[in-house]
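Work through the following exercises on charged side chains. Each task is followed by a solution in steps.

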Amino acid sequence: MGLRIPALRGLRHRLDEAFAPVDVELLAAGDRLGQAVTRLNDINASFDGLRQTLDGEAVAAAGATLGEAAGAMRALSDQLRQEGEGLSALSVKLGGVGTCIATLARINRGLSVLSLNSAIASSGIIDTSRDLSSFAEEIRALMQISEGAVRRYEQAHAAALTELRRVAAAQAGFARQHGPLLREVAERIATGLGHVATRRRDAAQAAAAVQERGQSIVTAVADTVSALQVGDATRQRIEHVVDALGLLAEGLGGAALPWCVGLAPPERDALAARAAALQAAQLRDTGQSLSTEIARISTALARLGDQAHGMVATGDAVFGGGGEGSFLTAMRRDLDEATALLGEGHARRRQVDAAMAGIDGMMRGLLTGLAAIREIETDMRLAGLNAAFKCARLGEKGRALAAITRELRSHARQMAEGVQALSVALEAALEAGDGIMAAGGAAQAGALETTLGALRQGLAGLQGAGDDMDGAIARLRQDGGQVADALTGMSSGLAGAAALPGLLHDAAAEVEALPGPRAPVASAELLRERLGLVNAVPYTMAREREIARDFGAELEEPMVAELDDILF
């Protein structure tokens with residue numbers, strides 16, 4: 001046995017170094033698992049916040065607000081149609097105004113002929129009175145005043161009609177381009193809100209499911225971390241064997257150690273042979289235990305990696321994947337489009353209101369100016385009446401001029417009728433314009449602002465949920481993917497631990513071979529008294545004690561310190 005002391009010491013040295021790299025592997029694996037737990041906890045916190053957001057009042061209120069905004073957009077589409085009809089009606093009314101102005105212009109042309117005829121007729125009457133010549137001059141003056149008034153009416157009417165046509169054309173173009181789109185976007189928003197409500201419930205449930213799955217993985221990872229404590233047990237058991245081999249080498253070398261002191265060489269060698277067999281059994285059992293645990297850990301890590309990949313896939317399936325974003329993305333696009341449409345509608349409505357205010361001012365100016373034409377008509381009647389009296393005194397000489405005075409009174413009556421018709425036409429046009437302005441103006445501007453505000457408010461509410469969702473899924477994809485890959489690939493980092501059982505098995509075989517084939521046999525009494533002394537430190541694990549007892553050692557159970565003994 002003494003010749004084998006160098007081999008015993010060599011084995012002790014190799015065993016002492018064998019566990020160091022394994023220890024590094026196991027510690028690294030535990031550290032990576034701790035990082036995985038931290039990331040999983042962060043994912044769980046994100047999805048817990050997301051679930052609360054999706055179930056919260058803010059998102060529900062945003063949906064209700066957007067539903068109201070969608071209704072307002074449909075109403076705006078109807079208003080565009082009604083506005084177009086109103087502008088068409090106003091165009092017809094302004095056409096009637098133009099017809100009346102044309103009638104007045106025709107009357108003025110008749111007055112021009114009467115003015116010329118009155119001048120001719122007055123010059124043929126031999127009468128020194130200036131009354132008849134002033135009559136012709138008065139008719140000419142009235143005709144010129146009337147022509148100027150009607151010309152201004154024609155110009156104002158043409159300007160109003162041009163402006164109306166411009167506004168009507170712009171409105172018709174906007175209605176054609178955006179009217180159906182307003183209704184379409186409103187319907188898309190309404191439909192999208194229905195989908196969001198459904199998906200929101202599904203997403204809240206999915207968030208809870210992802211969170212639950214993440215928590216389950218965290219628990220399983222924690223169990224795996226506990227399983228890695230096999231490293232501590234393995235290290236202690238190898239240390240116990242290394243210590244025992246060292247004591248055997250020293251005792252066989254002549255040192256007076258408790259296990260061999262006072263023993264004759266045959267008894268010492270017999271005890272040493274049995275102790276070596278015990279250490280071999282401990283090494284073999286340690287390797288088997290480690291192999292079982294490493295296999296279980298590797299299987300658990302692969303399973304956890306698959307579960308983590310499944311958790312990421314679940315999040316992608318519900319919250320959006322393939323680069324398409326979350327299911328709120330389409331709704332945000334629709335809301336952005338709706339906001340742009342309403343903004344354009346608001347700007348266009350301001351233009352319509354400004355144009356209608358100008359047209360309204362022109363028409364009211366025409367209505368006010370009718371008083372001047374009425375005065376012309378009154379002056380024409382008076383001039384004709386005076387000339388008729390004078391022509392009656394002249395008898396046969398005044399007959400031609402009397403015919404002209406009758407014609408003048410007829411034109412005056414026509415002018416009165418034309419002015420009245422123009423007044424009615426202007427009132428009708430103003431009424432039509434008032435309808436358009438009443439539908440717009442501050443009321444519609446306020447409604448548009450309210451709708452825009454509702455869209456912005458609803459969009460902000462959904463944006464918050466969308467941001468939380470995007471943040472949660474981004475964290476799930478990044479951290480969850482890294483955790484999944486780390487768990488799946490972690491088994492390859494335990495190569496040294498997986499190889500250690502084979503090394504321990506080989507070492508056990510070497511230790512068993514050290515005593516040689518004809519090793520003496522120790523008595524049962526000697527084994528009971530001395531075999532336990534080969535270990536300087538008593539066995540701390542039940543499995544070690546069980547194996548030692550199988551080899552004949554008599555061991556006391558380790559003392560467990562009472563809590564009071566530790567604290568006081």
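The exercises below concern salt bridges and surface charge in this predicted model.

**Exercise 1.** Determine how Arg166 and Glu163 are paired and where they lie in helix H3.

Solution. Step 1: the closest N and O atoms of Arg166 and Glu163 are 2.6 Å apart. A salt bridge requires such atoms within 4 Å, and the pair forms one. Step 2: both residues belong to helix H3 (residues 130-227), where a spacing of 3 residues separates them by about one helical turn. Step 3: Arg166 is partly exposed at 45% relative accessibility, and Glu163 is partly exposed at 22%.

**Exercise 2.** Which helices does the salt bridge between Arg237 and Asp285 tie together, and is each residue buried or exposed?

Solution. Step 1: Arg237 forms a salt bridge with Asp285, with 2.9 Å between the closest N and O atoms. Step 2: Arg237 lies in helix H4 and Asp285 in helix H5 (residues 265-319), so the pair ties together parts 48 residues apart in sequence. Step 3: buried means under 20% relative accessible area; Arg237 has 6% and Asp285 has 9%, so both are buried. Step 4: through shared partners, salt bridges join Arg237, Asp285, Arg543 and Glu546 into one network.

**Exercise 3.** Locate the patch of negative charge on the surface.

Solution. Step 1: the patch gathers Asp16, Glu17, Glu239 and Asp243. Step 2: helix H1 (5-55) and helix H4 (230-252) each give two or more residues to the patch. Step 3: Asp16, found in helix H1, is partly exposed with a relative accessible area of 48%.

How values were computed: Residues are numbered from 1 along each chain as its sequence is written. This is a predicted model: local features need pLDDT of at least 70, side-chain atom pairs count only at pLDDT 80 or more; totals for chains, interfaces and linings use all residues. Side-chain values use heavy atoms; hydrogens and water are left out. Patches are made of residues with over 30% relative accessible area and no salt bridge: like charges are joined within 9 Å, nonpolar side chains (Val, Leu, Ile, Met, Phe, Trp, Tyr) within 5 Å. Accessible areas come from the Shrake-Rupley method with a 1.4 Å probe; for residues, only the protein chains shown count as cover. A salt bridge is a side-chain nitrogen of Lys or Arg within 4 Å of a carboxyl oxygen of Asp or Glu. Lys and Arg count as positive and Asp and Glu as negative; His and the chain ends are not counted. The place of a charge is taken as NZ of Lys, CZ of Arg, CG of Asp or CD of Glu. Helices (H or I, at least four residues) and strands (E, at least two) are DSSP runs, numbered from the N terminus. Buried means under 20% relative accessible area, exposed over 50%, partly exposed in between (1.4 Å probe, protein chains only).
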